[in-house]
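User: Please take a close look at one part of this model, the surroundings of a bound ligand. Then work outward from there and connect what you find to the rest of the fold.

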Amino acid sequence: MKETVQIKQLAKEYGADLVGIASVSSFDFLPPDSHPRFIQPHARSVIVLGFRIPRGALRGVEEGTAWQTMAGASPFPTASICVETTYRLARYLESKGWEAVPLFSHSPDLRHQGVAVSPDKPEPNVILEMELAAHAAGLGEIGRGRFFLTPEFGPRQLFTAIVTDKQWPPDKIFAGKICDNCGKCAASCPAKALDRQKILRFPLAKGKAECYSLHIESCRICRTGILQSPYSSKAEPLRISAACGRACVAHLEDSDRLTNRFLFPFREKKC
Ligand code: SF4
Ligand code: SF4
């Protein structure tokens, strides 16, 4: 227990805003091409680190006056703070003799890029989806608008992970409720890319996520503030700063569901 408190405290000192731990067995619902055990055969735990996207990084987009504020915050998980914190924590774990594999968010379309090295192994790349890892590590829930929501920041964060052979006591799955199915993310989308009438369900470490269906092709050409992935043109763009993501931030703050509070409301004008 003391060790767990210490590792979480260290991760925060290094720069993470959120830290959760999942047992590797909680990913057994995933196929080999997504399972962390196929990256690290002795994996026992996955430490998930969350990094907040400053609310101010959405401000220029929200006001319609400065689109570069979001890009300037470089919020992709390869941003230097995410890399450095994850790397430093991995180094710390390895200094204790526990192998630590740092993982960053990559689009699922980057799976199956190579040839399997043996019949019992999936083809590279094995990609663990960070939202599934964050859920397994008890950090929050996946909302109807397909954003990962935490009680601290709503949709405003990104995740990295470390797969390690050290067994850490896992955190409990998040039992609260953040998304209230308000539909504001869908209503704010000019392309009607989120369909409230069509609910898609997909498995999680415990239970199922229920999300509005999303027409990703519309998001790729969305002009309300998306950030395109620099690594794959087929990846789902980052939608947190787009109309749907900002509507969710405004709604969750207005309904007092987040612990990160501000002096002024995110959205003062009526949309
Ligand atoms: S990113 Fe744009 S197109 Fe996609 S759901 Fe959000 S507002 Fe709609
Ligand atoms: S806007 Fe409403 S329905 Fe959409 S994800 Fe946020 S809380 Fe859920």
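Analyst: Helix H8, residues 243-254, gives the largest share of the shell around ligand 2, with 3 residues. The model is a predicted one. The full shell runs through several stretches of the chain. Arg144 and Gly145 belong to the shell. Cys179, Asp180, Asn181, Cys182, Gly183 and Cys185 also surround ligand 2. Tyr212 is another member. Cys248, His251 and Leu252 complete the list. By class, 6 of these residues are nonpolar, 4 are polar and 2 are charged. Ligand 2 takes up the space of the largest cavity.

Helix H8 also leads to the other ligand. The shell around ligand 1 draws at least two residues from H8 and at least two from helix H7, residues 216-220. Its members include Ser218, Cys219, Ala243 and Cys244. Cys189, Ala193, Leu214 and Cys222 are also among them, as are Thr224, Ile226, Arg239 and Ala242. This shell divides into 9 nonpolar residues, 2 polar and 1 charged.

Past H8, the chain has a backbone feature to check. Asp256 lies in the segment after H8. Phi of Asp256 is near 55 degrees, a positive value in a residue that is not glycine.

Next come the strands that touch on this region. Tyr212, from the shell of ligand 2, falls within the range of strand E8, residues 208-214. Leu214, from the shell of ligand 1, does too. Strand E8 is mostly covered, with 5 of its 7 residues buried. Its partner is strand E7, residues 194-203. The two pair in the antiparallel sense over 7 bridges. Leu194 stands opposite Leu214 in this pairing. E7 and E8 form a hairpin, with 4 residues between the strands. Gly207 sits in the turn and has a positive phi of about 75 degrees.

Just before E7 there is another positive phi. Lys192 lies in the loop between helix H6, residues 184-187, and E7. Phi of Lys192 is near 55 degrees, again positive in a residue other than glycine. Lys192 counts as exposed because its relative accessibility is 69%, and the cut-off is over 50%.

Away from the ligands, there is an open sheet. Four strands make it up, in the order E1-E2-E6-E3, with antiparallel pairing. Strand E1, 18-23, and strand E3, 100-103, stand at the edges with a single partner strand each, so one side of each has no neighbour in the sheet. From one strand to the next, the twist averages 20 degrees. Within the sheet, strand E2, residues 45-52, pairs with strand E6, residues 157-164, over 8 bridges in the antiparallel sense. Ile47 stands opposite Ile162 in E6.

Leu18 belongs to the edge strand E1. Leu18 counts as buried because its relative accessibility is 5%, where the cut-off is under 20%. The C-alpha atoms of Leu18 and Gln157 are separated by 9.2 Å. Along the chain, these two residues are 139 residues apart.

One last backbone feature follows the other edge strand. The loop between E3 and helix H5, 130-136, holds Asn125. A cis peptide bond joins Pro124 and Asn125, with omega about 5 degrees.

How values were computed
Residues are numbered from 1 along each chain as its sequence is written. Chains are lettered from A and ligands numbered from 1 in the order in which they are written. This is a predicted model: local features need pLDDT of at least 70, side-chain atom pairs count only at pLDDT 80 or more; totals for chains, interfaces and linings use all residues. Side-chain values use heavy atoms; hydrogens and water are left out. A residue is near a molecule or strand if one of its heavy atoms lies within 4 Å of it. On a 1 Å grid over the protein atoms alone, a cavity is a set of points where a 1.4 Å probe fits but cannot get out, and a pocket is an open set with protein on both sides within 12 Å along at least five of seven lines; lining residues have an atom within 4 Å of a point. A molecule sits in a cavity or pocket if more than half of its atoms lie within 2 Å of its grid points. Ala, Val, Leu, Ile, Met, Phe, Trp, Tyr, Cys and Pro count as nonpolar, Asp, Glu, Lys and Arg as charged, and the others, Gly among them, as polar. Buried means under 20% relative accessible area, exposed over 50%, partly exposed in between (1.4 Å probe, protein chains only). Two strands pair if DSSP finds at least two bridges between them. Axes are lines fitted to C-alpha atoms, for helices over the stretch in contact, and angles run from 0 to 180 degrees between N-to-C directions.
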